[in-house]
Amino acid sequence: TEDVQYGLVDNMPLMATIYRPKVTPNKAMPAVVYVHGGGFTGGARDHFESTAAYLTNQGYVGVCISYRLAPKDKFPKQIQDCKCAVRWARANAKKWNIDPERIAICGSSAGGSLAALVAYAKNIPEFSNAGGNTGISDKVQAAVLFCGIYDFMPCTMPSGVLDITKDNYLGVKFEKDPNVFEKASPVYYVTKESPPSLLFHGDADDTVNIKHSFLLQKALKEKSVYNELIIADNGTHKAYDFLMPHCIIAMKQMEVFLLKIFSEKKLL
């Protein structure tokens, strides 16, 4: 179902495409909210259409979202929209036959960074105060993250590394407001309550260095959060999104991971 409105900000509708089986099963289905990549300035919600279609055939509802883009709209508006989408899915669970206790977030590249913030940054009023369905939980039960930026601080991203991306998205230099860089970095929000996480990254990624996934995995391990890191040998930044065989492998690994996590909750 295309062009489903999941929120409203500044009189602008926030839109999603919903994937679900043609024949609705008797039991409520787990759902995945998908956040597209595009350097925070571009991309479209059809980014994950193949993955959403694949998992729909396995009994999942897919919610592929659009969100506000930089440089017109800067951080934290993007994360506000993503959290709004999770609240919408939970608030409309009955209509779309979604199990509100089995919602996962998935994102790639810029979308991976945003999806990680959805997963780990909890109880941040600034992130959860726009779009609608206030008062509904934006908690997710699992995270699937592809080659995201997980730490914007200079120790991880020194000057010259994606400077234009940082300027467009964060809208400020580190010297002027270092707090913004930390606030936008998912790695600093990980706690023992964070959801199980599946990370994908290519070891030949020259856009977002694989060290971001190593740092995030380290933070997850330190808090004893279940996680898996799957590395694509010689994989570039787009390996898991568009290139064979990695994208097909990732779909199946994602299916296995989500089944494991949701089954352990004894909800399947």
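**Stop 1: a tyrosine in a loop**

Select Y189, which sits in the loop between helix 6 (178-183) and strand 7 (197-202). Keep in mind that the model on your screen is predicted. Is Y189 buried or exposed? Y189 is buried, because its relative accessible area is 15%, and buried means under 20%.

Now show what surrounds Y189. Leaving aside residues up to four places away in sequence, Y189 touches L117, Y120, A121, I124, F127, E182, K183 and S194. Next, add D3 to the selection. D3 and Y189 are 186 residues apart along the chain, and 32 Å separates their C-alpha atoms.

**Stop 2: the whole sheet**

Switch to a cartoon view. Look for an open sheet built from 8 strands. In what order do the strands lie? Read across and you get 1-2-4-3-5-6-7-8, with mixed pairing. Select residues 4-9 and 227-232 to mark the edges: these are strand 1 and strand 8, and each pairs on one side only. From one strand to the next, the twist averages 20°.

In general, the strands of a sheet pair through backbone hydrogen bonds, either parallel or antiparallel. The next stops walk along some of these pairs.

**Stop 3: strands 3 and 5**

Select residues 29-35 and 98-108. These are strand 3 and strand 5, paired in the parallel sense over 6 bridges. Pick A31, then I103: I103 in strand 5 is the bridge partner of A31.

Next, bring up residues 77-91. This is helix 2, and it lies across strand 1, strand 2 (12-19), strand 3, strand 4 (61-65) and strand 5. Helix 2 runs at about 130° to strand 1.

**Stop 4: strand 6**

Select residues 142-146, which make up strand 6. How many of the residues of strand 6 are buried? The count is 5 of the 5, so strand 6 is largely enclosed by the rest of the structure.

Show the side chains. In a regular strand, side chains alternate between the two faces of the sheet. Here A142, V144 and F146 are on one side, with A143 and L145 on the other. Both faces of strand 6 are covered.

Strand 5 and strand 6 run parallel and are joined by 5 bridges. To see one opposing pair, click G107 and then L145 in strand 6.

**Stop 5: strands 7 and 8**

Move on to strand 7. It is joined to strand 6 by 4 bridges, and the two run parallel. V144 stands opposite L198 in strand 7.

Why is strand 7 described as largely enclosed by the rest of the structure? Because 6 of the 6 residues of strand 7 are buried. S197, L199 and H201 point one way from strand 7, while L198, F200 and G202 point the other way.

Strand 8 comes next. Strand 7 pairs with strand 8 in the parallel sense over 6 bridges. Select F200 and look across to I230 in strand 8, which stands opposite.

**Stop 6: unusual backbone spots**

Most residues other than glycine have a negative phi, and most peptide bonds are trans. Four places to check follow.

- Select A70 and P71. The peptide bond between them is cis, with omega near 0°. P71 lies in the loop between strand 4 and helix 2.
- Select F75 and P76. This peptide bond is cis too, with omega near 10°. P76 is found in the loop between strand 4 and helix 2.
- Select D10, in the loop between strand 1 and strand 2. Its phi is near 50°, a positive value in a residue other than glycine. D10 counts as exposed, because its relative accessibility is 64%.
- Select L162, in the loop between strand 6 and helix 5. L162 is not a glycine, yet its phi is positive, about 55°. With a relative accessible area of 23%, L162 is partly exposed.

**Stop 7: a pocket**

Finish at the second largest pocket, which holds about 190 Å³ of space. Which residues lie closest to its centre? Select S159, D163, K166, F174 and E175: of the 13 lining residues, these are the closest. Then highlight residues 163-170, which form helix 5. Helix 5 gives the largest share of the lining, 3 residues. Color the lining by type to find 7 nonpolar, 1 polar and 5 charged residues.

Methods
Residues numbered from 1 in each chain as written. Predicted model: local features only at pLDDT ≥ 70, side-chain atom pairs only at ≥ 80, totals over all residues. Heavy atoms only, no water. Pairing = 2+ DSSP bridges. Axes fitted to C-alpha atoms, helices over the stretch in contact; angles between N-to-C directions. Contact = heavy atoms within 4.5 Å. 1 Å grid on protein atoms, 1.4 Å probe; cavity = no way out; pocket = protein on both sides within 12 Å on 5 of 7 lines; lining within 4 Å. Points joined across faces, edges and corners; volume = space filled by probe spheres on them. Nonpolar A, V, L, I, M, F, W, Y, C, P; charged D, E, K, R; others polar. Buried < 20%, exposed > 50% of the residue type's maximum accessible area, 1.4 Å probe, protein only.
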